[in-house]
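Okay, thanks for coming, everyone. I'll put the structure up first and then walk through a few spots in it.

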Amino acid sequence: MNIKIKGIRRVSATATVALTAGAVIAGGAFASQAQAAAPKPPTIVAKGGYVMNNGTGKSLFSKAADTRRSTGSTTKIMTARVVLATKGLNLDSKVTIQKAYSDYIVSKGASSARLIVGDKVTVRQLLYGLMLPSGCDAAYALADKFGSGSTRAARVKSFIGKMNSTAKTLGLKNTHFDSFDGIGNGSNYSTPKDLTKIASSAMKYSTFRSVVKTKSTKQKVTTKSGGYRYMSWTNTNKLLGSYSGAIGVKTGSGPSAKYCLVFAATRKGKTVIGTVLTATSESTRTADAKKLMDYGFKK
């Protein structure tokens with residue numbers, strides 16, 4: 001009787017050890033699988049990069065994300081954001097294109113929406129001219145229209161002031177603007193994280209979302225003589241149509257900014273939004289953005 005009981009006890013003890021060992025092995029296997037499933041953070045060429053979940057605001061990737069850098073034409077995201085936040089905004093109100101806008105383009109060698117002096121262009125159309133071909137003439141027209149003051153210089157200064165006050169309202173500590181288009185005077189800077197937050201804020205406006213996801217557009221504008229002409233603009237953002245789910249946002253470049261891109265995409269109800277600053281070329285900024293969005297969707 002005692003032998004059988006001992007035998008039973010021995011079997012139970014052995015079984016317990018085997019089960020425990022099995023559990024440890026299984027647990028280790030599951031842990032290894034979990035580690036293997038975690039996506040590896042990408043390596044990007046750009047000096048700065050940031051991605052977040054636009055729905056939750058959760059940071060998904062960060063590289064020198066709080067380092068201040070020149071932003072080039074990604075500055076125009078804030079230009080559009082200030083316009084769209086204007087109380088009582090009438091997107092169909094018309095702005096007469098001034099010679100000063102075209103003179104500015106020529107003097108700066110700046111990117112242009114090819115606006116023609118004397119044409120009457122709506123605010124909505126100026127936003128397309130601003131964001132698709134990255135028109136600095138459109139940026140100037142909007143700053144002149146939505147700034148306040150008795151002179152053009154005063155209005156432009158007022159508009160840039162609104163850009164900076166909006167940055168403060170958004171809680172951005174590392175952003176400052178000294179221009180309406182990114183052609184700054186040494187004090188136009190932001191960071192990957194701040195620019196992403198500006199873009200996320202701008203994407204709350206349906207007009208902004210509609211504009212920045214547009215690959216190309218043909219707009220009918222009124223000429224000085226009362227007739228009309230068509231303006232055709234193509235988006236400089238090559239992600240549109242080449243990356244599944246891409247919905248914006250804005251390219252940028254410049255002597256100190258090099259190549260920049262603020263990007264966003266939506267897949268299966270999840271939107272990721274981010275920025276790369278100071279990339280080495282157009283192709284590397286696009287490749288970096290794709291890597292970061294791929295990673296963001298896996299997180």
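Let me start with a question: at what angle do the axes of α2 and helix α6 (residues 152-169) cross, and within what distance do they come? The answer is roughly 95°, with the axes coming within 10 Å. That makes α2 roughly perpendicular to α6, where roughly perpendicular covers 65 to 115 degrees, under 35 counts as roughly parallel, over 145 as roughly antiparallel, and the rest as oblique. The axes, by the way, are lines fitted to C-alpha atoms, for helices over the stretch in contact, and the angles run from 0 to 180 degrees between N-to-C directions.

Before I go on, the ground rules. This is a predicted model, so local features need pLDDT of at least 70 and side-chain atom pairs count only at pLDDT 80 or more, while totals for chains, interfaces and linings use all residues. Residues are numbered from 1 along each chain as its sequence is written, and side-chain values use heavy atoms, with hydrogens and water left out.

Now the overview. The protein has 9 helices and 9 strands; those are DSSP runs numbered from the N terminus, H or I with at least four residues for helices, E with at least two for strands. Of its 299 residues, 48% count as buried, meaning under 20% relative accessible area, with exposed being over 50% and partly exposed in between, using a 1.4 Å probe and protein chains only. The accessible surface comes to about 14500 Å², and 54% of that belongs to carbon and sulfur atoms; the method is Shrake-Rupley with a 1.4 Å probe, and for residues only the protein chains shown count as cover. On contacts, which are heavy atoms within 4.5 Å: if you take those with a separation of 6 or more, residues 24 or more positions apart account for 62% of them.

Back to α2, residues 76-84. In that helix 9 of the 9 residues are buried, so it is largely enclosed by the rest of the structure. The buried set includes Lys76 and Arg81 alongside Ile77 and Leu84. Who meets whom across to α6? From α2 we have Met78, Thr79, Arg81, Val82 and Val83, and they meet Phe159, Lys162, Met163, Thr166 and Ala167 in α6. By class, that contact has 6 nonpolar, 2 polar and 2 charged residues. For those classes, Ala, Val, Leu, Ile, Met, Phe, Trp, Tyr, Cys and Pro count as nonpolar, Asp, Glu, Lys and Arg as charged, and the others, Gly among them, as polar.

Next pair: helix α3 (residues 99-108) and helix α5 (residues 136-146). Their axes are 9 Å apart and the packing angle is about 140°, and that makes α3 oblique to α5. On the α3 side we have Ala100, Tyr101, Tyr104 and Ile105, meeting Cys136, Asp137, Tyr140, Ala141 and Asp144 in α5. The contact divides into 7 nonpolar, no polar and 2 charged residues.

Just ahead of that, in the loop between α4 (123-131) and α5, sits Ser134. Ser134 has a positive phi of about 65° although it is not a glycine, and at 4% relative accessible area it is buried. Thr278, in strand β9, also has a positive phi, about 60°, and is buried at 11%. For context, most residues other than glycine have a negative phi, and most peptide bonds are trans. On that second point, a cis peptide bond joins Gly248 and Val249, with omega about 20°, and Val249 is in strand β7 (residues 246-254).

While we're in β9, residues 270-279, have a look at Gly274. Gly274 is buried, with a relative accessible area of 0%. Its C-alpha is 5.5 Å from that of Phe263, 11 residues apart along the chain. Leaving aside neighbours within four places in sequence, Gly274 is in contact with Tyr50, Val51, Thr196, Leu261, Val262 and Phe263.

Last one: is Ser200 buried or exposed? Buried, at 8% relative accessibility. Ser200 lies in helix α7 (residues 192-202) and, not counting residues up to four places away in sequence, touches Met52, Asn54 and Ile273. That's my tour, thanks.
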